[in-house]
Amino acid sequence: MNAGNAFSHSVLPSNSHFSRPHLRVATYNIHKGVRGLGPQKRLEIHNLSMGVEALKADLVFLQEVRHFHHREAKEFQRTWFGWPEQGQAEFLAPDGYEVAYRTNAVTKHGEHGNALLSRFPLGDVGHHDVSDHRFEQRGLLHVPVQWQGVEVHTVVAHLGLMHSGRVRQVQRLGEFIANHVPANALLLVAGDFNDWGERLDAPMRESGLQRAVPPMGRGRHATFPSRLPFFSLDRIYTRGLRCVSMQVPKGPVWARMSDHLPLLAELELE
């Protein structure tokens, strides 16, 4: 099986067979487009581009996305495909998609942040710093999207590594929503929540957000680590939308591209 078939056979079919309008949403931590260490270090951003396209999602929430990184660009400049000249968000966007990106963390050689890829028109792009301490730079990417004649507010999130810090970040997310998202607006918050202990659903509900799960809560959608997924770190939370179906694409092609697997869901209006 070639790479294209491996991608296409491992994701949900497109939403054209649904009678009601469905919003197809994916969230994916791409690990900055690079895997491995030392001589085993390899550039995966080109494979990720095929993977993102194969998801056929209307909205793709991305974390750990680089806009530039001088050292890695130099390391991979002589490889077969090379480091993309564009930022990774623009490079990963399929033809016709709009792109929003904002930086979360600045490092010695570059930076990385969150991105949203959308089939639909985007509104003003906003960024809200929710860093809990100076050693972990974290942010929320906020973008309104026009879908089926209504506005859907989207927030791409990547929370911290400590539970106490994540709780504070969820509280700040709630404050951000209260101040910047109309009370009656459709809302999607998705990303890498780093919630190893499955303890954030309750504080998210306090902000009016429900975790997206398929009908009857069937199945456990673990996304990390990609080679043997056990933890459900990647999530989609909704307000005004419900989950119809959900899948985690798996297999050796997906496992090699990032330490996370993507999470893919079909949503409809409540």
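## Sheet architecture

Two strands pair if DSSP finds at least two bridges between them, and strands themselves are DSSP runs (E, at least two residues) numbered from the N terminus. In this predicted model, local features need pLDDT of at least 70 and side-chain atom pairs pLDDT 80 or more, whereas totals for chains, interfaces and linings use all residues. Residues are numbered from 1 along each chain as its sequence is written, and side-chain values use heavy atoms, without hydrogens and water.

An open sheet of 6 strands follows the order β7-β8-β9-β10-β12-β11, and its pairing is mixed. Its edges are β7 (126-129) and β11 (210-211), each of which pairs on one side only. Strands β11 and β12 run antiparallel and are joined by 2 bridges; Arg211 has Tyr237 of β12 as its bridge partner.

## Arg239

Strand β12 (residues 234-239) also contains Arg239. This residue is buried (under 20% relative accessible area, 1.4 Å probe, protein chains only). Arg239 has no salt bridge (a side-chain nitrogen of Lys or Arg within 4 Å of a carboxyl oxygen of Asp or Glu). The nearest side chain of opposite charge, Glu270, is 8.7 Å away. Contacts of Arg239 (heavy atoms within 4.5 Å), not counting residues up to four places away in sequence, include Ile177, Val181, Pro182 and Leu209.

## Nonpolar cores

A nonpolar core is a set of buried Ala, Val, Leu, Ile, Met, Phe, Trp, Tyr and Cys residues joined through side-chain atoms within 4.5 Å. The largest has 52 residues, of which Leu62, Leu116, Leu188 and Leu267 touch the most other members. Strand β4 (residues 59-69) gives the most to this core, with 5 residues. A second, separate core of 17 residues includes Val155, Val181, Phe193 and Leu200.

Key
Helix = DSSP H or I, 4+ residues; strand = E, 2+ residues; numbered from the N terminus. Buried < 20%, exposed > 50% of the residue type's maximum accessible area, 1.4 Å probe, protein only. Lys, Arg positive; Asp, Glu negative; His and termini not counted.
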